[in-house]
Amino acid sequence: MDRRTFLAAQAAATMAGSLAGGAKAAAAASRPAPVDFKTSAPAKGSFPDRWICGSESCMDNTDPPVHVHWYDPHTAILRQNKAYSYEAPFAPLYFGNDRVLLLDEGFTQLRNDWDLRGVVDQCIAQWCARNGRDPASLELLVAFSHLHDDHFAATNQFADRPRTRYMGLTHEEMVGFWGMTNFPEERVTLDLGGRDILIWGSPGHVISEFAYYDTYTQILYTGDMFYRGRCYISFWDHWFASMQRLIDFCDTHPVSHVMGCHVEISKDGQDYPYGLTWQPDEAPVQMTVEQLRHAFEFAKTITKPGIYFTGTVFLCNQTRSTTTIDQNPYRYG
Amino acid sequence: MAASSNSPAVPGQGAVATAPFYPNGNPALPLNPPGVRNTDSAVPLHRSAPVVHDYNCEGPAAGKLAFRWIYGSNVAAKNRDPRVQVVQYNEDTYVLRQNVCVHWEAPFTYLLFGNGGALLIDTGATANARYYPLRETVDAIIARWADARGRKRVPLTIALTSGEDIAQNQGLGQFAGRADTTFVPRPLEVMKQHYGLGKSWPAGLGTIDLGGRVIRVVPTPGTHKDGVSFYDPYCDLLFTGDFFYPGKIQIGNDRDFVASLERVKAFMADNPVRWILGGHIEMMFAPGRYYPRFATYKPYERVLEMEPELVDEVLRYAREIEGKTMMMLRGDFALYNGVSPDQRTQVWPADLPKLFPPHPF
């Protein structure tokens, strides 16, 4: 927003405030009927065949800084470009009639480096245009899956955005943000305006992590405690209990996809080592409930620290955080 | 070591921490040191014959790594640094670095000239000339050098510190079909024959004669079974590739590694070394800190050049871990013996200060 439009917006806001009630009523009348997220669930949606996945030479990468994929007309999934950060996390953006929820803010801090806020604003503008809404009428909630900096680096880009609330960077502020008093067991319901997001604690990878379930797409978003890659399990007992909670949830709720924050594995199960910036043959980000259940059954057999492949994910039980299964290819006898 | 120039010692460039620092030159040194004759005069307007350069000198020829290396950028996609950074060490010695955002290995490549030709040591980590135009850059440096020296032809030899190292041999294909070019053959067996080391390997020394500047080839298997180092008696530089460099040294065979270090140490007793120059930098300037694999932004890199005394330290710790599957962290390097290249250790060396470099993201 340049200075002129900024001043104009202020003037318009002042004018709108002083108008007679009739005009407000007219505006309300012209507002389209709210989107029905309840009876149309589960939403028909799809993941792309291929996400942007880096390039041989990073400085020659021509992909957009953020890959925006509309899973359905009310759900965008964002992925950071690997040439902007090797972590390349996935971030869902859920739209409700009153609020928008952004889960995860990537691994690049500054807007001049990586304009996440601009991309989110563009998504909101597109959704509003499609649904006849005013972007200013929507509140944006900026939250994240867990307390690691590759998931919240860009939060401060939203500091001066109107109608926006964002999660703090301590365990206390995170739990408080979702109004929990009994983490991790307590499951809260976040109402985005006709679209409920169920949230509960999911510690194990880190202490401060949540699981998010969207009642509309029925996607279970499991952050970094369970994703297509190396699930670095820092605290086994916490993680195992969190897995049990996910399984119990799947027993009682319909789940369309299980989705984590990263992909670090190829379609044929090859490990992409930590930090890689080119993953040309990536596995899909989404997983099935069966894969989650199988991984849990597999986990029940694990008694010692180490790296275990379940066929879907690597379970890295208390191995130091970036240790991979790579070997030195030049070893000789 | 003879004082080779009157130029100030620059911190971090081989200056001993306790040595006096002369930002404006040391007035105690001679104003016309003998090393002056190793630089060819630019005064003559027309030359009647090619310049015959004098590669004889007492002590190391004058030269300096005065510039900082390109180190990638926070957002690799936005990097606009040169794809190949060229730094002249002196008129006859060039150091080339691959852009970190083209390939994270960011290898160093060295180009040396003699009266009879040029030597390219290593060829970078990327084959595609569009991303990494090594040949174009080398050709341009050679053309300029040849013009300055009045030479019609400059035969080029291309040698690798290891033929099997894909972080150093990828650019080789760019030189295919290049006229007047000798490739040191791969693999190990033919390379040995080429250097005349068929019988003695890994003992013995090979040579590459550049004309007045005879480069010694020192077999240094240990990280690679076909590893060699190159010694330049003109600048007193030892080029070690990834056998020894300020980074995460991946030992391929620990007995060979120790034996090669012992040979290098013995070699250095007879041949003065000003600096050891490796093939990469992975350490930060905070002791014991390093960049992980695949990093595309390394703003706190350690300097490239290593003091020759560091060989004693690496030898000591290489002996310590011989036969053990483990990682050993030191201030200027880390040794990986039989473990994952991403292995980490929670053992912090007691003699190193614990500094925490800021984490850019």
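Mentor: Let's start with a rule: a salt bridge is a side-chain nitrogen of Lys or Arg within 4 Å of a carboxyl oxygen of Asp or Glu. Keep in mind that this is a predicted model.

Trainee: Happy to. What makes R83(B) and D60(A) a salt bridge?

Mentor: Their closest N and O atoms are 2.7 Å apart. The cut-off is 4 Å, so the pair qualifies. The two residues sit on separate chains: R83(B) is in the segment before strand 1 (84-90) of chain B, and D60(A) is in the loop between helix 2 (21-30) and strand 1 (66-72) of chain A.

Trainee: Why is R83(B) called partly exposed?

Mentor: Its relative accessible area is 23%. Buried means under 20% and exposed over 50%, so a value in between is called partly exposed.

Trainee: How many salt bridges does that rule give over all chains?

Mentor: The count comes to 32. Some of them join up: R117(A), D121(A), D160(A) and R161(A) are linked in a network of salt bridges.

Trainee: How do you know that E264(A) and R230(A) form a salt bridge?

Mentor: The N to O distance is 3.5 Å, and the limit is 4 Å, so this pair counts too. The partners lie in distant parts of the chain, 34 residues apart. E264(A) belongs to the loop between strand 12 (257-260) and strand 13 (286-287) of chain A, while R230(A) is in strand 11 (residues 230-233).

Trainee: Are these two partners buried or exposed?

Mentor: E264(A) has a relative accessible area of 7%, and R230(A) has 2%. Buried means under 20%, so E264(A) is buried and so is R230(A).

Trainee: What makes D351(B) exposed, and what about its partner R330(B)?

Mentor: D351(B) has 51% relative accessibility, and exposed means over 50%, so the label applies. R330(B), at 7%, is buried. Their closest N and O atoms are 2.7 Å apart, within the 4 Å of the rule, so this is a salt bridge. D351(B) lies in the segment after strand 15 (334-337) of chain B and R330(B) in the loop between strand 14 (326-329) and strand 15, so the pair ties together parts 21 residues apart in sequence.

Trainee: Now the backbone. Why is the peptide bond from F183(A) to P184(A) called cis?

Mentor: Its omega is near 0 degrees. P184(A) is in the loop between helix 4 (171-177) and strand 7 (188-191) of chain A. Another cis peptide bond joins W201(B) and P202(B), with omega about 5 degrees. P202(B) lies in the loop between helix 2 (188-195) and strand 7 (206-209) of chain B. Most peptide bonds are trans, so cis bonds are worth pointing out.

Trainee: What makes Q218(A) and F294(B) notable in phi?

Mentor: Q218(A) has phi near 65 degrees, and F294(B) has about 70 degrees. Neither Q218(A) nor F294(B) is a glycine. Most residues other than glycine have a negative phi. Q218(A) is buried at 12%, and F294(B) is buried at 7%.

Trainee: Which residues are closest to the centre of the second largest pocket?

Mentor: F294(B) appears again, with H103(B), W104(B), E105(B) and I166(B), out of 41 lining residues. The space in this pocket is about 920 Å³, and its lining divides into 18 nonpolar, 13 polar and ten charged residues.

Definitions and conventions. Residues numbered from 1 in each chain as written. Chains lettered and ligands numbered in written order. Predicted model: local features only at pLDDT ≥ 70, side-chain atom pairs only at ≥ 80, totals over all residues. Heavy atoms only, no water. Helix = DSSP H or I, 4+ residues; strand = E, 2+ residues; numbered from the N terminus. Buried < 20%, exposed > 50% of the residue type's maximum accessible area, 1.4 Å probe, protein only. 1 Å grid on protein atoms, 1.4 Å probe; cavity = no way out; pocket = protein on both sides within 12 Å on 5 of 7 lines; lining within 4 Å. Points joined across faces, edges and corners; volume = space filled by probe spheres on them. Nonpolar A, V, L, I, M, F, W, Y, C, P; charged D, E, K, R; others polar.
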